[in-house]
Amino acid sequence: MEKRLIKPDGSIVWVSATAAALAPIGENIMNHVFLVQDISERKQIELERKYISEHDRWTGLYNREYLESVLAKDIKLKKDSPKALIGINLNTVQFLTINYGFQYTQNLIKKAAEALSRHCAENCLLFQVSESVFVFYLFDYKKKKALVDFSYDISETLSPIFVTERIGGGIGIIEIEENQNEVDLDIDIDVDIDVDIDVDVDVDIDSLLRRLLIASERSLSFFGEDFEPYFYDQEFEALVNRERNIVEALAAIATDEQTNDELFLQFQPILDLKSGQICSFEALARLKTEKLGLVPPVEFIPIAEKTKLIIPIGEKVIIKGFQFLNKLKEYGYDEIGISINISCIQLLKPDFGTRFFKLMEEMEVDPKSICMEITESVFASDYEQINGIIEKLRDAGLEIAMDDFGTGYSSLARERELNVQCLKIDKSFIDMLVEPELEKAITSDIISMAHKLGHYTIAEGVEHHIQLQYLKEHGCDKTQGYLISKPLDEEIAIDFLKNYEKC
Ligand code: C2E
Ligand code: CA
Ligand code: CA
């Protein structure tokens, strides 16, 4: 037996006592031997080791390992009481460390830790799970709203500390539910708590913390404001899982050497209003897998960009686009070109141009048949660099179009120096042409301004005759939209060409 004793002078001594019974002397009388040992020194080391293993060295807060063991225990023992985690993710810490050094950010973290500690209570423990992530573990609270109120309190505590340092962050909230682990990985964890309880818990704490982190990240991107609480719920779970499935599908396609049918292109005809002929097709990427069904590009392209998978995926799109171009040639449509959407991330990759030209050469594609569509917003951020890159592409004979024109921020004054031949007028301006009460002059102004600056124009999203009529009258060069045709599969696109009659 180990015992903590208090001596008369108030000091503490730890003893280990061992007792042994000797042979009986008489009927009921036993002889015992007691061995009492002072183990204070060993106990001190043990307690220190326990402290170190459960606390963050710098802030003195409980660490992740301890959170895991507390959760493992409580999930088993506090079955009927509500439990939740609130994660605070200070996202800009790394940036500050790079600029001002470790000492500086460590002091800030310490300040935050001290301020947050003031929110601790009997049913509310604070942990530091990584350098820049704090987690409150709350239990026995009354309602979900209590969690939100608590998060706002934290937000109020943190904001004044960070406002001068320009540190921001997100707050994620997750309630620990019984069936939590059914959605995701099912891992059994054996945890030894203290000395004598061996608990076998069927909850994946790691994935719980991962979700909490995702919710705090989502809080940042969703609200665009610091320290706004974001609840991790079923709907969000589905969203996160879907995003992960899309990433997995894209990654599989990206690494697949063979041509993969899950990524394919559809082609939307572009009509030249002067000649009345189809002059080219825009290649639009599609993703279709058994698990996900058909995923629209507005959903998977941003994910591909975020994960940089757009680089290999974009290359597959280019190759498939070139294959279509060669097919058109086979059918004798030599004059028809193709427009390919290129993301900023692809364009900024140093070897993008070299790789593109190599593919063109290998697949015997004429640069004059190719147009690259680059969205307007790209020019706003890296104007000089992007303009330089596209100048080289243009010199090689490619055509460059500015996509979604009118929605970005590019300054009209700069339009003159811009190395693009074509402005694609965004659908929002074309939509205005069907609303009787809306100002239509802006669309004709864009057309005439583009012409003055030496660009030609394509109107996007033309769905009605009235729009087409207006565009013809105001000298728009080309149009594209459902009125002419929706994006088509390869074979159907070729049939469409065969059957197309002059407008
Ligand atoms: P975007 O480049 O502006 O492409 C035009 C979008 O408008 C296409 O949507 C097209 O199907 C749709 N559209 C065309 N005509 C009409 C119309 O008359 N009415 C309506 N309501 N919509 C029309 P989609 O195919 O869903 O593509 C969405 C966006 O995804 C594209 O917008 C483009 O930004 C991006 N995207 C598609 N393929 C690729 C790709 O291979 N690479 C990159 N980086 N982005 C791509
Ligand atoms: Ca486009
Ligand atoms: Ca567009």
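Trainee: Helix 9 passes helix 17 in a crossing, so to speak: left-handed or right-handed?

Mentor: Right-handed. Keep in mind that this is a predicted model. The two helices, residues 310–330 and 490–499, pack at an angle of about 35°. A crossing is right-handed if the near helix is turned clockwise from the far one by less than a right angle, and that is how helix 9 passes helix 17.

Trainee: How far apart are the axes of helix 9 and helix 17, and which residues meet?

Mentor: The axes are 11 Å apart. From helix 9 come Phe324, Lys327 and Leu328, and they meet Glu490, Glu491, Ala493, Ile494 and Leu497 of helix 17. By class, that contact has five nonpolar, no polar and three charged residues.

Trainee: On to helix 16. What makes Gln467, Leu468, Tyr470 and Leu471 count as one side of helix 16?

Mentor: Those four are the buried residues of helix 16, which runs from 465 to 473. They cover an arc of only 160° around the axis, so they sit on the same side of helix 16. On the other side, His465 and Glu473 are exposed.

Trainee: What covers the buried residues of helix 16?

Mentor: The cover includes helix 14 (427–431), helix 15 (441–452), strand 19 (456–459) and strand 20 (478–479). After helix 16 comes glycine 475, with a positive phi near 75°.

Trainee: Which residues of the largest nonpolar core touch the most other members?

Mentor: Phe281, Phe322, Phe356, Phe379, Ile390 and Leu471, out of 78 residues in that core. Helix 9 gives the largest share, eight residues. Another core lies apart from it, with 30 residues, including Ala112, Ala113, Phe134 and Leu147.

Trainee: What does leucine 471 touch, leaving out residues up to four places away in sequence?

Mentor: Leu273, Ile430, Leu433, Thr443, Ile447, Ala459, Val462, Cys476 and Thr479.

Trainee: One last residue. Why is asparagine 419 called what it is: buried or exposed?

Mentor: Buried means under 20% relative accessible area. Asparagine 419 has 17%, so it is buried. Its place is in the loop between strand 17 (399–405) and strand 18 (422–425).

Trainee: Which residues does asparagine 419 touch, again not counting those up to four places away in sequence?

Mentor: Asn387, Ile390, Glu391, Arg394 and Ile400. You've met one of these already: Ile390 is among the residues that touch the most other members of the largest nonpolar core.

Technical notes
Residues numbered from 1 in each chain as written. Chains lettered and ligands numbered in written order. Predicted model: local features only at pLDDT ≥ 70, side-chain atom pairs only at ≥ 80, totals over all residues. Heavy atoms only, no water. Buried < 20%, exposed > 50% of the residue type's maximum accessible area, 1.4 Å probe, protein only. Arc of directions from axis to C-beta. Contact = heavy atoms within 4.5 Å. Axes fitted to C-alpha atoms, helices over the stretch in contact; angles between N-to-C directions. Nonpolar A, V, L, I, M, F, W, Y, C, P; charged D, E, K, R; others polar. Core = buried A, V, L, I, M, F, W, Y, C linked by side-chain atoms within 4.5 Å.
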